[in-house]
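Please look through the sequence and the model below before reading my points. They move from a term that is needed later to the overall make-up, then to one helix, and lastly to the enclosed spaces.

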Amino acid sequence: MLQLEQLAARTPAVTVDELLKGFYPSPRFGSVSFASYRPDPAQPSQAAAVRALEHFSESIRTPEPTGLRKFFGAKKPPSRAGFYLDGGFGVGKTHLLASLWHAAPGPKAFGTFVEYTNLVGALSFRKTVEALSAYKLVCIDEFELDDPGDTVLMSRLMRELADAGVKLAATSNTLPGSLGEGRFAAVDFQREIQVLADQFEVVRIDGDDYRHRGLPTPPSPLANSDLDRAMKKEFGSSGDSGDKTVAVDDFGTLIDHLAGVHPSRYRQLIKGIDGVVWRNVHTITEQSVALRFVVLADRLYDSDIPILASGVPFDALFTPEMMAGGYLKKYYRAVSRLTALVREGQNHEPS
């Protein structure tokens with residue numbers, strides 16, 4: 001039998017410890033390693049990146065010399081706090097970042113850029129610094145600066161963590177010195193951007209960028225009258241591993257509900273959900289609503305939760321102006337990920 005719920009009826013309460021425990025690679029990257037990464041022989045930078053990160057993981061395991069060993073030891077050239085993996089979409093940056101997290105000793109944290117900014121919003125800046133300063137490694141996936149406030153915040157956070165001896169690693173498709181371009185007057189924040197850039201050794205990963213292939217075409221949306229039948233067929237327990245919990249929501253009601261749930265809690269919002277069904281998906285026209293929904297799309301994709309939906313197709317989820325504006329990378333990623341999940345739900349294609 002199916003257990004039906006509504007995401008719009010959930011208001012998760014999360015403790016500080018629960019928030020911090022959520023900073024680990026998603027199930028998609030739960031067991032990856034440097035050995036499971038397959039470098040493209042035509043792109044030598046990919047194999048070079050693996051070697052660099054393997055060496056970096058060993059340096060995290062090796063404690064800094066103290067006492068007489070430090071005094072009489074050979075002088076080492078000053079090193080930066082961490083590595084910054086720069087490259088296009090789909091070249092394996094997240095795979096390598098998760099591999100580093102798995103290889104490094106703990107305590108350690110792995111999260112997206114948005115999750116860290118949301119953590120600061122949930123805990124306060126000082127409490128976030130205090131919590132993460134005890135870690136050996138902090139990994140930041142999908143590093144991107146979207147507004148001046150984030151620029152100043154992340155500049156301070158990275159500097160204070162580096163000063164506390166925390167090793168850092170990040171991925172992005174934008175070089176550190178170019179973060180924020182196209183979104184705000186980045187020239188006014190060059191000092192903060194340079195502070196960020198100074199924390200990292202940049203490692204370039206070349207390869208085919210999937211954006212050159214354009215957005216994937218999503219399946220045609222289902223009719224409202226077909227959703228119940230499709231839900232029972234896709235998520236029914238007969239012949240599979242048992243009962244499943246499916247969240248069935250009106251799309252408009254859901255996005256209104258997200259405004260009252262802090263994005264740091266979206267991981268808990270979908271906890272225990274095996275599938276989602278959305279009625280009457282429509283184009284989102286407000287930027288703040290769209291950016292919140294991008295966070296939910298990321299958490300659904302991390303947890304590999306299939307989607308069934310009626311309404312507009314997901315390539316019409318955001319307005320043309322949004323898809324061509326300063327946040328286009330976020331929206332392209334969200335559309336791509338939601339399309340993969342709806343293909344999994346409707347067509348049984350792996351996401």
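1. A cavity, on a 1 Å grid over the protein atoms alone, is a set of points where a 1.4 Å probe fits but cannot get out, and its lining residues have an atom within 4 Å of a point. Rolling a probe the size of a water molecule over the atoms shows where empty space is left.

2. This is a predicted model, in which local features need pLDDT of at least 70 and side-chain atom pairs count only at pLDDT 80 or more, while totals for chains, interfaces and linings use all residues. Residues are numbered from 1 along each chain as its sequence is written, and side-chain values use heavy atoms, with hydrogens and water left out.

3. The protein has 14 helices and nine strands, where helices (H or I, at least four residues) and strands (E, at least two) are DSSP runs numbered from the N terminus. Of its 351 residues, 51% are buried, a word that here means under 20% relative accessible area with a 1.4 Å probe, protein chains only. Among contacts (heavy atoms within 4.5 Å) with a separation of 6 or more, 87% join residues 24 or more positions apart.

4. Helix H10 (residues 251-258) is largely enclosed by the rest of the structure, because six of its eight residues are buried. Those residues are Phe-251, Gly-252, Leu-254, Ile-255, His-257 and Leu-258, and they pack against strand E7 (244-250), helix H11 (266-269), strand E8 (275-281) and helix H12 (287-302).

5. How many cavities of 30 Å³ or more does a search of the whole structure find? The search finds two, and the largest has a volume of about 120 Å³, a volume being the space filled by probe spheres set on the grid points, which are joined across faces, edges and corners. Of the 13 residues that line the largest cavity, Leu-19, Phe-23, Glu-115, Ser-264 and Arg-267 are the closest to its centre. Helix H1 (16-21), helix H5 (113-123) and H11 each supply at least two residues of this lining.

6. The second largest cavity holds about 50 Å³ of space, and its lining consists of Pro-218, Pro-219, Pro-221, Ala-309, Val-312, Pro-313, Phe-314, Val-342 and Gln-346. By class, this lining has eight nonpolar residues, one polar and no charged, whereas the lining of the largest cavity divides into five nonpolar, four polar and four charged. Here Ala, Val, Leu, Ile, Met, Phe, Trp, Tyr, Cys and Pro count as nonpolar, Asp, Glu, Lys and Arg as charged, and the others, Gly among them, as polar.

Definitions and conventions. Buried means under 20% relative accessible area, exposed over 50%, partly exposed in between (1.4 Å probe, protein chains only). On a 1 Å grid over the protein atoms alone, a cavity is a set of points where a 1.4 Å probe fits but cannot get out, and a pocket is an open set with protein on both sides within 12 Å along at least five of seven lines; lining residues have an atom within 4 Å of a point.
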